[in-house]
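Visitor: Please give me a close look at the aromatic ring pairs in this model and at what surrounds them. State the cut-offs as you go.

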Amino acid sequence: MTSGLDLPLCFSASPGFRPGTPEPTGVSPRDGTAFVSGFDDTALPGLSVALMFELCLRYGVEPLVRSHSPSFSAAQKQRIVAPAQVQKTVTVRLGEATLLCTAIGDPLLSRDLMREVAERLGLARASVKRLHINPPGCDPLIEFGMAPGMVSPWLRPGRPTSVRAVVLTGEAAPAATDETAVALSLSLRQSLFVPARIVPAMLRDYAARAYPQVAWIDLRRATAVP
């Protein structure tokens, strides 16, 4: 099967990755260039990328970016970057509150989970009855400063938005030794590849630095063991 990445998948080891994951190549944060020329029209702001790189280095991971075919949905991107996993984020309107629900893989959204979010935010329980996923009136360009086709918790640091909370869902925290690569979208055509083990802490610390006024809620669930 053909890959949508700009180079064939490489399975040699790279810093922060184990054999068996694609080796991201190309851009280094050292030279201050975050994107290949012509790709930055639909990219995250440079401040966002710089903070993501800073956090990677804090956790002992060298930031590695690679280009790929443009993807306009998480499912499409998953096919392009496999066997790496994809961070998926959806916009949720809970009553009058706007949430960004994100996960490695598919976010786990349920009424029970939304009730817990409502309780933590001090919202009325009835707000769960007015629940909309990807609400039609939410324009990512206006709401989050994101390009069409991108929904992401890596919001521009300091930029006011309507987001009330960022909610991390999915399975429990990866084991400390989990080096499975996760693709974090920097644009429709480029992704930052990081090991799964640092993603929850990276998101938490990014939220604290970039938008401290927004609630950070970690609602990951432990995986049931048969």
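Guide: What follows starts with the ground rules, goes to the rings, and then works outward to their surroundings. The model is predicted, so local features need pLDDT of at least 70 and side-chain atom pairs count only at pLDDT 80 or more, while totals for chains, interfaces and linings use all residues. Residues are numbered from 1 along each chain as its sequence is written, and side-chain values use heavy atoms, with hydrogens and water left out.

First, the setting. The protein has 5 helices and 8 strands; both are DSSP runs numbered from the N terminus, helices being H or I with at least four residues and strands E with at least two. Along the sequence the order is α-β-α-β-β-α-β-α-β-β-β-α-β. Of the 226 residues, 46% count as buried, where buried means under 20% relative accessible area, exposed over 50%, and partly exposed in between, with a 1.4 Å probe and protein chains only.

Now the rings. A pair of aromatic rings is described by the distance of the centres and the angle of the planes. Rings of Phe, Tyr and Trp (for Trp, the six-membered ring) pair if their centres lie within 6.5 Å; planes under 30 degrees apart count as stacked, over 60 as edge-to-face, and the rest as tilted. By this rule there are 2 aromatic pairs. In one, the centres of Trp 154 and Tyr 206 are 5.0 Å apart and the planes stand at 85°, so the pair is edge-to-face. Trp 154 sits in the loop between α4 (140-144) and β5 (163-168), while Tyr 206 belongs to helix α5 (residues 199-210); the two are 52 residues apart, and the pair links distant parts of the chain. The other pair is Tyr 206 with Tyr 211, with centres 6.2 Å apart and planes at 65°, so this pair is edge-to-face. Ring pairs thus link Trp 154, Tyr 206 and Tyr 211 into a cluster. As for cover, Trp 154 is buried at a relative accessible area of 1% and Tyr 206 is buried at 0%; Tyr 211 is buried too.

Trp 154 also has a polar partner. Its side chain and that of Gln 87 are joined by a polar contact of 2.9 Å; a polar contact is a pair of N or O atoms within 3.5 Å, and within protein one must be able to donate a hydrogen and the other to accept it, with residues adjacent in sequence counting only if both atoms are side-chain atoms. Gln 87 lies in strand β2 (residues 85-94) and counts as buried at 10% relative accessibility. Leaving aside neighbours within four places in sequence, Gln 87 is in contact (heavy atoms within 4.5 Å) with residues including Pro 153, Trp 154, Leu 184 and Leu 203.

Met 52 touches two of the cluster's rings. Not counting residues up to four places away in sequence, Met 52 touches Leu 44, Trp 154, Leu 184, Leu 186, Leu 192, Met 202 and Tyr 206. In the largest nonpolar core, which has 36 residues, Met 52, Leu 192 and Met 202 touch the most other members; such a core is a set of buried Ala, Val, Leu, Ile, Met, Phe, Trp, Tyr and Cys residues joined through side-chain atoms within 4.5 Å. At least two residues of this core come from each of α1 (46-58), β5, β6 (181-185), β7 (190-195) and α5. Another core, of 15 residues, lies apart from it, with Val 90, Val 117, Val 128 and Ala 165 among them.

Helix α5, which carries Tyr 206, also takes part in a charged pair. Side chains of opposite charge can pair when their charged atoms come close. The structure holds 9 salt bridges, each a side-chain nitrogen of Lys or Arg within 4 Å of a carboxyl oxygen of Asp or Glu. One of them joins the side chains of Arg 58 and Asp 205 at 3.5 Å, N to O. Arg 58 lies in helix α1 and Asp 205 in helix α5, so the pair ties together parts 147 residues apart in sequence. Arg 58 is partly exposed at 47% relative accessibility, whereas Asp 205 is buried at 16%. Arg 204 joins Arg 58 and Asp 205 in a network of salt bridges.
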